[in-house]
Amino acid sequence: MVKYNELDGKYITDIFPEAEQQINDELDGLNDFLPHIIFGNVLNPIVIRLLKRDDYSKIQQLLQVFDMYEDFASGDTETQNLLQVTLLEILWDEAITYERAMELMGEKTKEIWDYIYGYLYIPKSDNR
């Protein structure tokens with residue numbers, strides 16, 4: 001089980017080694033690793049960019065991210081909160097990220113996703 005107090009930048013750099021400098025920049029001046037800030041500021045923009053690519057469903061790194069999300073969904077309460085509030089809610093901002101994320105997520109992640117449905121509106125597609 002993933003524990004919130006054990007989260008670190010390695011979760012991101014194992015998938016995106018090129019993000020190490022950005023993580024270090026985010027950590028500059030912080031006394032502790034703050035998962036909501038680091039994952040939100042470093043990982044979210046990468047995930048959103050990849051979800052918008054035409055070949056999103058074939059990008060191995062993106063599939064690894066959604067596997068990580070599934071692990072987080074089975075983590076402790078604080079890790080589940082990180083997943084819900086910081087990593088998943090942002091994917092509701094645009095129809096394209098919303099729809100594509102739903103295709104890639106596992107069963108436990110979908111449970112949290114469905115919970116978000118109780119308080120956020122599904123984004124409308126530009127095509128509707």
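This is a short chat about a predicted model, covering its helices, salt bridges and a few buried residues.

User: Before we start, what kind of model is this, and how are residues numbered?

Analyst: It is a predicted model: local features need pLDDT of at least 70, side-chain atom pairs count only at pLDDT 80 or more, and totals for chains, interfaces and linings use all residues. Residues are numbered from 1 along each chain as its sequence is written, and side-chain values use heavy atoms, with hydrogens and water left out.

User: Start with helix 3. Is it mostly covered or mostly open?

Analyst: Mostly covered. In helix 3, 12 of the 17 residues are buried. Buried means under 20% relative accessible area, exposed means over 50%, and partly exposed is in between (1.4 Å probe, protein chains only). Helices here are DSSP runs (H or I, at least four residues), numbered from the N terminus.

User: What covers it?

Analyst: The cover over the buried residues of helix 3 includes helix 1 (10-13), helix 2 (20-27), helix 4, helix 5 and helix 6. Among those buried residues are Phe39, Leu43, Ile48 and Leu51.

User: Where is the kink in helix 3?

Analyst: At Leu43, shortly before the proline Pro45. The kink is about 35 degrees. That bend is the angle between axes fitted to the seven residues ending there and the seven starting there.

User: Switching to charges. How many salt bridges are there?

Analyst: Three in the whole structure. A salt bridge is a side-chain nitrogen of Lys or Arg within 4 Å of a carboxyl oxygen of Asp or Glu. One is between Asp14 and Lys10, with the closest N and O atoms 2.9 Å apart. Another joins Asp55 and Arg53, at 2.9 Å from N to O. Lys52 and Glu94 form a salt bridge too, at 2.7 Å from N to O. That pair links distant parts of the chain, 42 residues apart. Lys52 is in the loop between helix 3 and helix 4, and Glu94 is in the loop between helix 5 and helix 6.

User: How exposed are Lys52 and Glu94?

Analyst: Lys52 is partly exposed at 35% relative accessibility. Glu94 is partly exposed as well, at 34%.

User: And the Asp55 and Arg53 pair?

Analyst: Asp55 is partly exposed at 33%. Arg53 is partly exposed at 39%.

User: Now Arg100. What does it do for a charge partner?

Analyst: Arg100 is buried yet has no salt bridge. The nearest side chain of opposite charge is Asp54, 4.5 Å away. For charge, Lys and Arg count as positive and Asp and Glu as negative; His and the chain ends are not counted.

User: So what does its side chain reach?

Analyst: Backbone oxygens. A polar atom of the Arg100 side chain lies 2.7 Å from the backbone oxygen of Leu51. The Arg100 side chain also reaches the backbone oxygen of Arg53 at 2.9 Å. These are polar contacts: N or O pairs within 3.5 Å, where within protein one atom must be able to donate a hydrogen and the other to accept it, and residues adjacent in sequence count only if both atoms are side-chain atoms.

User: Where does Arg100 sit, and what does it touch?

Analyst: Arg100 is in helix 6 (residues 95-104). Leaving out residues up to four places away in sequence, it touches Leu51, Lys52, Arg53, Asp54 and Tyr56. Contact means heavy atoms within 4.5 Å.

User: What about Thr97?

Analyst: Thr97 is in helix 6. Thr97 is buried, with a relative accessible area of 1%. Its side chain reaches the backbone oxygen of Glu94 at 3.0 Å. Beyond four places in sequence, Thr97 touches Ile48, Leu51, Lys52 and Leu91.

User: On to helix 7. Which residues are buried?

Analyst: Thr109, Ile112, Trp113 and Ile116 are buried in helix 7 (residues 107-116). Seen down the axis, they fall within an arc of 105 degrees, so they line one face of the helix. The arc is that of the directions from the helix axis to the C-beta atoms.

User: What is on the other face, and what does the buried side pack against?

Analyst: The face turned away carries the exposed residues Glu107, Asp114 and Tyr115. The buried residues of helix 7 pack against helix 4 (60-73), helix 5 (77-88) and helix 6.

User: Last one: what does Ala73 contact?

Analyst: Beyond four places in sequence, Ala73 contacts Gln80, Leu83, Lys108, Thr109 and Ile112. Ala73 is in helix 4 and is buried at 7% relative accessibility.

Terms used: Helices (H or I, at least four residues) and strands (E, at least two) are DSSP runs, numbered from the N terminus.
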